[in-house]
Structures are given as C-alpha cells and as structure tokens.
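User: Please prepare a set of questions and answers on the side-chain contacts and surface of the following model.

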Amino acid sequence: MSEHSPVVTRSTGNPIEVLVNIIRGGLIALAELVPGVSGGTISLVVGIYERALHAGNQLLDVAKSIVIDRASVNGKLKAIDWWLLIPVGIGMAATVLGMAGVMHDFVENHPEVSRGLFLGMVAVSIVVPISMVDKVDLRKKLVIAVPMFIGAAALTFWGTGFTSAERNDPSMLIIFCAAAVAICALVLPGVSGSFFLLAVGLYGPVIGAIKDRDISVILVFGLGAATGLVLFIKLLDYLMVNHRTITLFTMAGLMLGSLRALWPWQSASSELLAPGDNMVKIFGFIALGAVIVAATIIAEKYAPKPA
C-alpha cells in the first residue's frame with residue numbers, strides 16, 4: 001500500500017501550459033548549470049517534481065516492455081504525459097546549449113554574488129518538500145523522520161566541503177561515470193549535479209565541451225546520464241509512493257545541508273570565511289534569491305491546476 005500518494009495529474013496540451021512547461025524546463029536546466037543548486041529542488045518549486053518523476057518511471061516501463069511484453073507498449077506510450085515531458089525537455093535542451101557559457105562565466109567571475117543569490121533561493125525552497133508532507137502521517141513517523149532529516153543535512157554539509165583541482169583532458173570513461181552520478185541531482189532535491197562535477201574537477205571541462213559543441217563529450221555525458229537515471233529513478237519513484245513522508249523529510253535535510261556549498265565567502269578549498277566588506281551587497285542578493293523563490297511558490301500555490 002502506498003502512503004498518502006497523490007493522484008498524478010496530466011498536462012492538457014493547452015498552448016499556455018506548454019509554454020509554461022518549456023519555461024519550467026529552462027529553469028530546471030539553469031539550476032543544473034549552477035554548482036550548489038539542485039535541478040530537483042527547482043522542479044519541486046515549479047510544481048512538476050512528482051509528475052515528472054512518474055512520467056520518467058513510465059518511460060522506463062515502456063523500455064522494459066519493448067523487451068518482454070511488446071503487446072503492452074502502445075498502451076503504455078499513450079499513458080505518458082507527453083505534453084509535460086516534451087516541452088520540459090525542449091526548455092532544458094535550449095537552456096543548456098544557450099546558457100552554458102553564460103552561467104559558467106557568471107559563477108566563475110562573480111562567485112560571491114552568484115552563491116549569495118542561489119543561497120537565498122535554496123534556503124526558501126526547503127519549505128517545498130516539507131509542505132508536501134502529510135501532517136497526520138508525519139506525527140506517526142516523527143521518530144524516524146527527524147533523525148533522517150538531521151542525518152541527511154549533516155551528510156550533505158560534510159560532502160559539500162570537498163573540492164578537487166580541475167582535470168585537464170579527462171578520459172571518456174571518467175566523464176561517463178561522473179555523468180551517471182551527477183544526473184541523480186535532476187531527480188533528488190538538495191543535491192547539485194554541477195557541484196559534484198566541480199568537486200571531482202570536471203565542471204570546467206564538461207561545461208566547456210557544451211559551450212564548444214564538442215559532440216563526442218556531449219554524447220558520452222548523455223549516455224552516462226541516461227544510465228544513471230535508469231538505475232536511480234525507479235528507486236526514487238518507489239520511495240515517493242511507498243515511503244513518501246520519510247523521503248520528503250530526507251530531501252529537506254539534503255537541501256538544508258547543501259546550503260554550505262552556497263555560503264558566499266569561502267576559500268578555493270571550500271573553507272568557510274567571515275563576511276567581507278561587500279556583505280550589504282551580498283545579503284541583498286540573498287534576499288533577492290529568497291524573494292524570487294517565495295514568489296514562485298506562491299504563484300504555483302494559487303495557479304489553476306490541470307484537470
């Protein structure tokens with residue numbers, strides 16, 4: 001039995017909704033380009049996390065049916081929310097190709113400003129998974145949920161303290177394996193795929209390859225990402241359906257711990273430093289990031305939902 005799992009709605013194909021889904025995909029991809037910001041977090045904020053996870057799980061079922069039960073493939077294909085997946089995919093692809101260089105330059109040339117902006121965004125985003133928790137079920141599972149929240153926060157806080165020197169000319173095998181791990185951030189709020197690439201010294205080479213349209217690196221990275229999704233998405237979908245409260249609380253902990261990576265003042269080795277002379281400016285950007293996400297959450301709450 002699933003625990004308080006919601007009914008998954010479908011997109012209607014309305015032109016305005018299609019445009020909104022393209023924008024959602026763009027925002028998710030934009031987050032994935034930024035070290036420390038999770039695309040999964042943004043998908044939660046813009047209100048498509050569970051729908052996208054469910055649709056991704058359906059795609060995996062189709063791939064499995066092609067091998068073992070071809071008679072059921074057409075029915076399963078029709079059940080997929082294509083009006084969600086295709087526009088979101090278009091928005092993501094266009095943003096990655098168009099903004100990789102811009103975001104790389106922004107993060108590299110304005111590190112304190114960028115981290116401050118994203119710190120405010122992620123901090124406010126923590127309320128999203130918590131607000132999705134069934135309060136009655138939470139009271140029953142509080143003894144498990146709270147330690148999971150604290151443990152996830154502590155683990156992410158510790159993990160984001162590591163960095164590595166950038167690798168020059170990494171092998172395709174390393175890129176493939178890194179992509180398989182980094183892509184999990186697309187479906188796991190609080191974990192930044194770009195930060196993982198930064199930590200293992202691959203952020204610059206990968207973003208540079210996208211910027212320069214290096215097809216071989218892009219294809220290998222894409223294959224690694226697809227492999228990672230296949231291995232991970234089924235597990236996460238199962239957890240969201242059968243252990244929803246614990247999973248959402250753990251996600252909130254991951255997001256809280258990830259704030260360490262976004263503290264504006266830190267050394268090249270990720271040592272946290274005291275605020276500098278520009279603290280008024282940076283705290284202004286933190287507030288701006290918080291306002292942007294808060295406005296997004298409020299807009300999503302009161303926006304008409306698809307039937």
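The exchange below treats salt bridges, aromatic pairs and a surface patch in turn.

Analyst: This is a predicted model, in which local features need pLDDT of at least 70 and side-chain atom pairs count only at pLDDT 80 or more, while totals for chains, interfaces and linings use all residues. Residues are numbered from 1 along each chain as its sequence is written, and side-chain values use heavy atoms, with hydrogens and water left out.

User: How many salt bridges does the structure hold?

Analyst: Side chains of opposite charge can pair when their charged atoms come close. A salt bridge is taken here as a side-chain nitrogen of Lys or Arg within 4 Å of a carboxyl oxygen of Asp or Glu. By that criterion the number of salt bridges in the structure is two.

User: Which residue meets Arg-51 in a salt bridge, and is that residue buried or exposed?

Analyst: The side chain of Arg-51 meets that of Asp-81 at 3.7 Å, N to O. Arg-51 lies in helix H3 (residues 49-68) and Asp-81 in the loop between helix H4 (73-79) and H5, so the pair ties together parts 30 residues apart in sequence; helices (H or I, at least four residues) are DSSP runs numbered from the N terminus. Buried means under 20% relative accessible area, exposed over 50%, and partly exposed in between (1.4 Å probe, protein chains only). Arg-51 counts as buried at 10% relative accessibility, and the partner, at 5%, is likewise buried: Asp-81.

User: What N to O distance is found between the side chains of Asp-137 and Lys-141?

Analyst: These two residues are four apart in helix H8 (residues 135-159), which means that about one helical turn separates them. Asp-137 is buried at 3% relative accessibility, whereas Lys-141 is partly exposed at 22%. Their side chains meet in a salt bridge with an N to O distance of 2.8 Å.

User: What is the angle between the planes of Phe-106 and Phe-118?

Analyst: The structure holds four aromatic pairs, where rings of Phe, Tyr and Trp (its six-membered ring) pair if their centres lie within 6.5 Å, and planes under 30 degrees apart count as stacked, over 60 as edge-to-face and the rest as tilted. One of these pairs joins Phe-106 and Phe-118, which is edge-to-face with 6.3 Å centre to centre and an angle between the planes of 85 degrees.

User: Which helices does this Phe-106 and Phe-118 pair link?

Analyst: Phe-106 is partly exposed, with a relative accessible area of 24%, while Phe-118 is buried at 9%. The pair links distant parts of the chain, twelve residues apart, with the two rings placed in helix H5 and helix H6 (residues 111-125).

User: Why is the pair of Trp-263 and Trp-265 edge-to-face, and which residues form the aromatic cluster?

Analyst: The ring centres are 5.2 Å apart and the planes stand at 65 degrees, so the pair is edge-to-face. Trp-263 is partly exposed at 25% relative accessibility, and Trp-265 is buried at 3%. The cluster is formed by Trp-263, Trp-265 and Phe-283.

User: Which helix gives the largest share of the nonpolar patch?

Analyst: Patches are made of residues with over 30% relative accessible area and no salt bridge, like charges being joined within 9 Å and nonpolar side chains (Val, Leu, Ile, Met, Phe, Trp, Tyr) within 5 Å. Leu-59, Trp-82, Ile-86 and Ile-90 make a nonpolar surface patch of about 340 Å², with areas from the Shrake-Rupley method and a 1.4 Å probe, only the protein chains shown counting as cover for residues. Trp-82 counts as partly exposed at 32% relative accessibility. The largest share, three residues, comes from helix H5 (residues 82-109).
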